[in-house]
Amino acid sequence: MSSVNGDPPHVFDLLGQALTVARRGMEAEVAAEPHHLRGSHLRLLSLTPVEGMRPTDLAARVGMTKQSLGEFVATMQQAGFLHVDPDPADRRARIVRPTAKGLRLQARILDILGETEHRWRDEVGARDWATFHRVLRHIAVGKAPGDESP
């Protein structure tokens with residue numbers, strides 16, 4: 001694990017590798033379940049709220065284009081994990097929601113993510129994990145709870 005010029009890997013490479021480890025672990029954990037979904041599909045399901053969300057908002061939440069999200073949703077709808085209904089507040093709009101089957105897999109995914117976090121926390125120690133989590137949260141949302149920095 002080294003960069004092209006021999007320097008230590010940059011933080012983005014390390015983050016990518018950590019996410020790959022987590023994705024592969026999740027895919028392995030649910031491999032026995034008959035769904036044939038990739039890690040990116042599982043991630044989408046894990047971020048789809050039970051009450052549902054408009055595709056545009058869900059695409060922003062997941063970090064993909066609305067067009068790409070539409071393809072993923074169609075695949076997951078065909079497999080029975082998501083359904084798309086008219087938005088009761090605006091019949092022209094749609095709401096994407098997990099089905100009962102999707103909710104079962106979503107719960108399993110969230111359990112696996114929690115187990116992975118616990119395992120990683122145990123590996124690095126609670127103090128370093130808390131620092132890591134606070135730093136990531138700060139980068140992702142600007143200011144972590146309890147942060148006194150501007």
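## A walk through the fold

Among contacts in this protein between residues at least 6 apart in sequence, 47% join residues at least 24 apart. Keep in mind that you're looking at a predicted model. The protein has 6 helices and 2 strands, and if you trace the elements from the N terminus they come in the order α-α-α-α-β-β-α-α. Out of 150 residues, 27% count as buried. The accessible surface adds up to about 10000 Å², and 56% of that belongs to carbon and sulfur atoms.

Let's start on the inside. The largest nonpolar core has 20 residues, and the members that touch the most others are L42, L44, L45, L58, M76, L82 and L105. Two or more core residues come from each of α2 (39–47), α3 (55–62), α4 (66–78) and α5 (100–124). Of these, α4 gives the largest share, with 4 residues. To get a feel for the packing, click on L58. Leaving aside residues up to four places away in sequence, L58 touches L44, L47, T48, P49, M53, L69 and V96.

Now for the charged side chains. Side chains of opposite charge can pair when their charged atoms come close. This structure holds 5 salt bridges, and three of them are worth a visit here.

Begin with the one between R54 and D87, where the side chains meet at 2.9 Å, N to O. R54 sits in the loop between α2 and α3 while D87 belongs to strand β1 (residues 82–87), so this pair ties together parts that are 33 residues apart in sequence. What about cover for the two partners? R54 is partly exposed, at 32% relative accessible area. D87, on the other hand, has 9% relative accessibility and so counts as buried, the cut-off being under 20%.

The next pair stays within one helix. R23 makes a salt bridge with E27, and their closest N and O atoms are 3.4 Å apart. Why can these two be partners along the chain? They are 4 residues apart in helix α1 (residues 11–29), so about one helical turn separates them. Both ends have some access to the outside: R23 is partly exposed at 33% relative accessibility, and E27 is partly exposed too, with 25%.

Further along, the side chains of R108 and E115 meet in a salt bridge at 4.0 Å, N to O. R108 is partly exposed, with a relative accessible area of 24%. E115 is also partly exposed, at 41% relative accessibility.

Finally, have a look at the outside. Which residues make up a nonpolar patch on the surface? They are V11, F12, L15, F132 and L136, and together they make a patch of about 450 Å². Helices α1 and α6 (126–141) each supply at least two of the patch residues, with the largest share, 3 residues, coming from α1. L136 is a handy one to pick out: you'll find L136 in helix α6, and at 32% relative accessibility L136 counts as partly exposed.

So much for the tour. To retrace it on screen, go from the core residue L58 and its neighbours, including L44 and L69, to the salt bridge between R54 and D87, and then out to the nonpolar patch that includes F12 and F132.

Terms used:
Residues are numbered from 1 along each chain as its sequence is written. This is a predicted model: local features need pLDDT of at least 70, side-chain atom pairs count only at pLDDT 80 or more; totals for chains, interfaces and linings use all residues. Side-chain values use heavy atoms; hydrogens and water are left out. A nonpolar core is a set of buried Ala, Val, Leu, Ile, Met, Phe, Trp, Tyr and Cys residues joined through side-chain atoms within 4.5 Å. Buried means under 20% relative accessible area, exposed over 50%, partly exposed in between (1.4 Å probe, protein chains only). Contact means heavy atoms within 4.5 Å. Patches are made of residues with over 30% relative accessible area and no salt bridge: like charges are joined within 9 Å, nonpolar side chains (Val, Leu, Ile, Met, Phe, Trp, Tyr) within 5 Å. Accessible areas come from the Shrake-Rupley method with a 1.4 Å probe; for residues, only the protein chains shown count as cover.
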